[in-house]
Amino acid sequence: MQWQLFFLSIPPAVIYVAFWATGRSNAGIFAAIAAAALELLYNSLALGFVEPFSSFSLLAFSLLGALSLRTADDRIFKLQPVAFELFFAAALVYYRVVHETALLVIVVDDYLGLYEILQSYQRGYATVYAATLSRSLPFMLVLHAAWTAHAAITRTTWWWFNVRVFGFYVMLAVLFIGERLLGITE
C-alpha cells in the first residue's frame, strides 16, 4: 500500500512553513522544491514509473517558487496547491468525459494498492466509493483551491497552511461521509 500518496504535496508545504517560522522563507522555498523532488523520486521508485501527480507537484513548486523568489513575494509560492488541485480536478473530469472511467478507481487499484489489503467482499465497496468520489471530487477541489488562494493572498502563512492541509482533509472527509450518508452509489 502506497500510503504516502495520500499526503502528496504536503511534506514540501510543511518544510516551507518550518523554514518560514524561523524567518527564512526563501530557504523554505528551496527546501520545499527539494522535498518535492525527493517526493517524486520516492513515489516513482515505489510505483515503478514516473508518477505524474508528483511530477506536476514538483513542476508547480519549482515554477511558482522561482517566480516567488524573483518577485520577493511568497504568496505566489503558496498558490502551488491551487495549481495542483486544479490539475487534479481537470484530470478527474478528463478521465470521466474522454475515457468514460473513474480515475480514482484506477488510482486506488494501481497507485495506492488498496485492493491488496482489502478482503474480496470489500473491494466492490471501495470501487463504488472511488467512482462516486471521482465524480464529486472535482467540485470540492475547485472549492478548496479557491479557499486556499484566498488564504494565500489575504491571510497569514499559518492560516494558509491550516487551510491547505487540514482544511483539505476535513473537506474530503465531509464529502466522503456525506456521500455515504446520502447513499450515493454512482
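## Helix packing tour

In this predicted model, begin by selecting Leu103, Leu104, Val105 and Val108 in α6, which meet Thr127, Ala130, Ala131, Leu133, Ser134 and Leu137 in α8. By class, this contact of α6 with α8 holds eight nonpolar residues, two polar ones and no charged ones.

Now show the two helices whole. Helix α6 covers residues 103-111, and its axis comes within 7 Å of that of α8, crossing at roughly 135°. An angle over 145° would count as roughly antiparallel; α6 and α8 are therefore oblique to each other. The crossing of α6 and α8 is right-handed.

Next, select α8 alone, residues 120-154. Helix α8 has 35 residues and spans 48 Å from its first C-alpha to its last, close to the 51 Å expected at 1.5 Å a residue. Where does the kink in α8 lie? Centre the view on serine 136: the kink there is about 45°, shortly before proline 138.

Keep α8 on screen and add α5, residues 80-97. The axes of α5 and α8 are 9 Å apart, and the two helices pack at an angle of about 160°. That angle makes α5 roughly antiparallel to α8. The crossing of α5 and α8 is left-handed, whereas that of α6 and α8 is right-handed.

For the side of α5 in this contact, select Pro81, Val82, Glu85, Leu86, Phe88, Ala89, Leu92, Val93 and Arg96. Their partners in α8 are Ser134, Arg135, Leu137, Pro138, Leu141, Val142, His144, Ala145, Thr148 and Ala149. The contact of α5 with α8 has 13 nonpolar, three polar and three charged residues. Ser134 and Leu137 of α8 appear in the contact with α5 and also in the contact with α6. Proline 138, the residue shortly after the kink, is in the contact with α5.

Finally, move to the N-terminal pair: α1, residues 10-21, and α2, residues 25-47. Their axes come within 8 Å and cross at roughly 160°. That makes α1 roughly antiparallel to α2. The crossing of α1 and α2 is right-handed.

Which residues of α1 meet α2? Select Ile10, Pro11, Pro12, Ile15, Tyr16, Phe19 and Trp20. Opposite them in α2, pick Ser25, Ala27, Gly28, Ile29, Ala31, Ala32, Ala35, Ala36 and Glu39. The residues of this contact divide into 13 nonpolar, two polar and one charged.

Definitions and conventions: Residues numbered from 1 in each chain as written. Predicted model: local features only at pLDDT ≥ 70, side-chain atom pairs only at ≥ 80, totals over all residues. Heavy atoms only, no water. Axes fitted to C-alpha atoms, helices over the stretch in contact; angles between N-to-C directions. Helix = DSSP H or I, 4+ residues; strand = E, 2+ residues; numbered from the N terminus. Parallel < 35°, antiparallel > 145°, perpendicular 65-115°, else oblique. Left-handed = near helix turned anticlockwise from the far one by under 90°. Contact = heavy atoms within 4.5 Å. Nonpolar A, V, L, I, M, F, W, Y, C, P; charged D, E, K, R; others polar. Expected span 1.5 Å × (residues − 1). Bend = angle between axes of the 7 residues up to and from the residue.
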